[in-house]
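Trainee: Please choose one part of this model and look at it closely with me, beginning with a charge and a ring and working outward from there. I would like the terms explained with their cut-offs as they come up.

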Amino acid sequence: HVHAGIEGSCPMENRTPQRDKAVRTRQRLLEATLAQTAACGYHNITVDKIAAAAGVSTGSAYRYFRNKKEMLLAALAYYYENIQEFSGTPDSSLRSFSSPEDMLAYVLGQFYGLHRKYYALHEELESLRHIDPDVRDAYHRILLDAVDTLVQKCPPAYAGLPALRERIYLGIQLLESFAHTQLETSLCSQFDMESMQTLCLRIAVELLTPPHQTGSDTAVSCSH
């Protein structure tokens, strides 16, 4: 996983101008790795190209990473660790919604926006995930970590919900799948996407309905 200090999480007393510069340089390399992968395809990029795009010498790049595979895996971890910032879904914004329906509708919209913005990168990584075991393992680690993080953030009322981890996993996959469908014009033309979104949200809410509530208590409004 990417170095914990990327976003300045190292103790303040340990920070120095040199360390801050190293953190920024590493971050630029990670961002350049993602950008170059999207623009050129993973198999067409080199450490030299990534370093140039980041404004870093090739020698400096090799001080941080041994090869482009290591750069890609670190970049994936960096992207995930900052996913709430990239997707515009910080905890503070999610707590502002009065109902789970409204919150999930917002998250779903942000999922779609994120996939659309990084469509080329997403397609390249999806391809790699099916042929490269290291990328596939990284995806699995990220997904499992996301599930466990969400379990920890669940309010106490959810503690008695049977198979909570499994429900959260299915909810993530459901929202992800709908975001993918939205990007496929040929598929969208074959379905009533507004109805599909309503169903998607309704199922997600049902999955995460605490045991003392019923599905009707949290039914999703058709306006979503």
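Mentor: Let us begin with Lys68, which lies over the face of Tyr42 at 4.4 Å from the ring centre; a charge is taken to sit over a ring if NZ of Lys or CZ of Arg is within 6 Å of the ring centre and within 35 degrees of the ring normal. Before going further, please keep in mind that this is a predicted model, in which local features need pLDDT of at least 70 and side-chain atom pairs count only at pLDDT 80 or more, while totals for chains, interfaces and linings use all residues. Residues are numbered from 1 along each chain as its sequence is written, and side-chain values use heavy atoms, with hydrogens and water left out.

Tyr42 leads us to Thr37, since leaving aside neighbours within four places in sequence, Thr37 is in contact with Tyr42, Ile45, Leu72, Leu121 and Glu124, where contact means heavy atoms within 4.5 Å. Thr37 belongs to helix 1, residues 17-40; helices (H or I, at least four residues) and strands (E, at least two) are DSSP runs, numbered from the N terminus. With a relative accessibility of 0%, Thr37 counts as buried, on a scale where buried means under 20% relative accessible area, exposed means over 50% and partly exposed is in between, using a 1.4 Å probe and protein chains only. The side chain of Thr37 also reaches back to the backbone oxygen of Thr33, at 2.7 Å. That is a polar contact, meaning a pair of N or O atoms within 3.5 Å; within protein, one must be able to donate a hydrogen and the other to accept it, and residues adjacent in sequence count only if both atoms are side-chain atoms.

From that ring we can turn to rings that meet one another. The structure holds 4 aromatic pairs, where rings of Phe, Tyr and Trp (its six-membered ring) pair if their centres lie within 6.5 Å, and planes under 30 degrees apart count as stacked, over 60 as edge-to-face and the rest as tilted. One of these pairs is Tyr78 with Phe86, which is edge-to-face at 6.1 Å centre to centre, with 75° between the planes. Of its two members, Tyr78 is buried, with a relative accessible area of 2%, whereas Phe86 is partly exposed at 26%. Tyr79 and Tyr118 form another edge-to-face pair, because their ring centres are 6.0 Å apart and their planes stand at 80°. This second pair links distant parts of the chain, 39 residues apart, with Tyr79 in helix 4 (residues 68-81) and Tyr118 in the loop between helix 7 (100-117) and helix 8 (119-131). Tyr118 counts as partly exposed, at 24% relative accessibility. Ring pairs join Tyr78, Tyr79, Phe86 and Tyr118 into a cluster.

Beside Phe86 in sequence comes Ser87, which is found in helix 5, residues 83-87. Ser87 counts as buried at 8% relative accessibility, and a polar contact of 2.7 Å joins its side chain to that of Thr89. Not counting residues up to four places away in sequence, Ser87 touches Gln110 and Leu114.

There is a further charge over a ring to set beside our starting point: the charged end of Arg129 sits over the ring of Tyr139, 5.1 Å from its centre.

Helix 7 brings us to helix 12 as well, for the cover over the buried residues of helix 12 includes helix 7, helix 10 and helix 11 (185-188). Those buried residues are Met193, Gln197, Thr198, Cys200, Leu201, Ala204, Val205 and Leu207. At the N-terminal end of helix 12, Asp192 acts as a cap, with a side-chain oxygen lying 3.2 Å from the backbone nitrogen of Glu194.

Finally, the setting as a whole: the protein chain has 12 helices and 0 strands, and 39% of its 224 residues are buried. Among contacts between residues at least 6 apart in sequence, 61% join residues at least 24 apart.
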